[in-house]
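Below is a short set of questions and answers on a single model. Please keep the coordinates at hand.

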Amino acid sequence: KNGTLSPPPSERRQSHTHGERQNCGAAQDSAAMSQNVLAGMENSAVTVLKRAIELDNESRLPDALVCYQEGIHLLMEVLKATKDEAKKVHYRKKIENYMDRAEKIKEQLNDLKEKGKYHEQIKIPDDATGFCYEKLFKPYLDSFVTEVWVEDPYIRHVHQVYNFLKFCEMLIKGPCSVKTIHLLTSLDNAGKAKQTSSLEEIKQSLQSYNITLELLYSSSIHDREIRFNNGWIIKIGRGLDYFKKTQVCFLQYEIIPHHQR
């Protein structure tokens, strides 16, 4: 009617069938993609949790705790995306077991810190790479850290001041909520004006993040250490200046060879 020709019933059936196949194919592709993503998430969780167990067995408790927490988070994401009820029960049991172990490590670390008995030594081989500030210090930072003390006689030259700046940037990124940083260093007699003005610039910049930088100078300071008010005291042989000289015009500390510590 009205000049419009309808296809014969056989053609309409073929058209419907073709559309249904397309929809079915799209649904299958989407399901396959979801399964691939889920499998990738599960593999990531397994890898991180295996590393947590290895570190746990080596008594590297702070590092193990970080890996347990990251692995638990990944496993919880897998649990949320899983439709299979049997797998959900399996994941819940795994998460519960790993959470129990993580809590025990927390209690153990807190107990050792209170008694002042916990000690861990990290050795950096000569020319090694990958030991950025995040890798070294993040395991000892938590949401309770609000105050930091840095004692290092060699925050004097340009690259050393820059090291301190990168350390402050790491603190800003969290997971802590630092309010005060105390820096005790020595004055560079040859370049005192440049040193003090650079540190004052960092002080002004930190104020925009509601962080107070207290600067103190001493001619008798020799030891190097960093203290967090959650109880951790970190002794560093070379202080923050353990990176070798590089010709790269921008600094990616993960890829710069390090001095042995």
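Q: How far apart, in helical turns, are Lys 106 and Glu 103 in helix 3?
A: This is a predicted model, numbered from 1 along each chain as its sequence is written, where local features need pLDDT of at least 70, side-chain atom pairs count only at pLDDT 80 or more, and totals for chains, interfaces and linings use all residues. Side-chain values use heavy atoms, with hydrogens and water left out. Helix 3 spans residues 85–115 (helices are DSSP runs of H or I, at least four residues, and strands are E runs of at least two, numbered from the N terminus). Because Lys 106 and Glu 103 are three residues apart in this helix, their separation is about one helical turn.

Q: What is the distance between the closest N and O atoms of Lys 106 and Glu 103?
A: The two residues form a salt bridge, meaning a side-chain nitrogen of Lys or Arg within 4 Å of a carboxyl oxygen of Asp or Glu. The closest N and O atoms are apart by 3.7 Å.

Q: Is Asp 152 buried or exposed?
A: Asp 152 meets Arg 224 in a salt bridge at 3.8 Å, N to O. The two are 72 residues apart, with Asp 152 in the loop between strand 1 (147–151) and helix 5 (158–172). Buried means under 20% relative accessible area, exposed over 50% and partly exposed in between (1.4 Å probe, protein chains only). At 2% relative accessibility, Asp 152 is therefore buried.

Q: Which residues are joined into one network by salt bridges that share partners?
A: The whole structure holds 13 salt bridges. Those with shared partners join Glu 151, Glu 225, Arg 227 and Lys 235.
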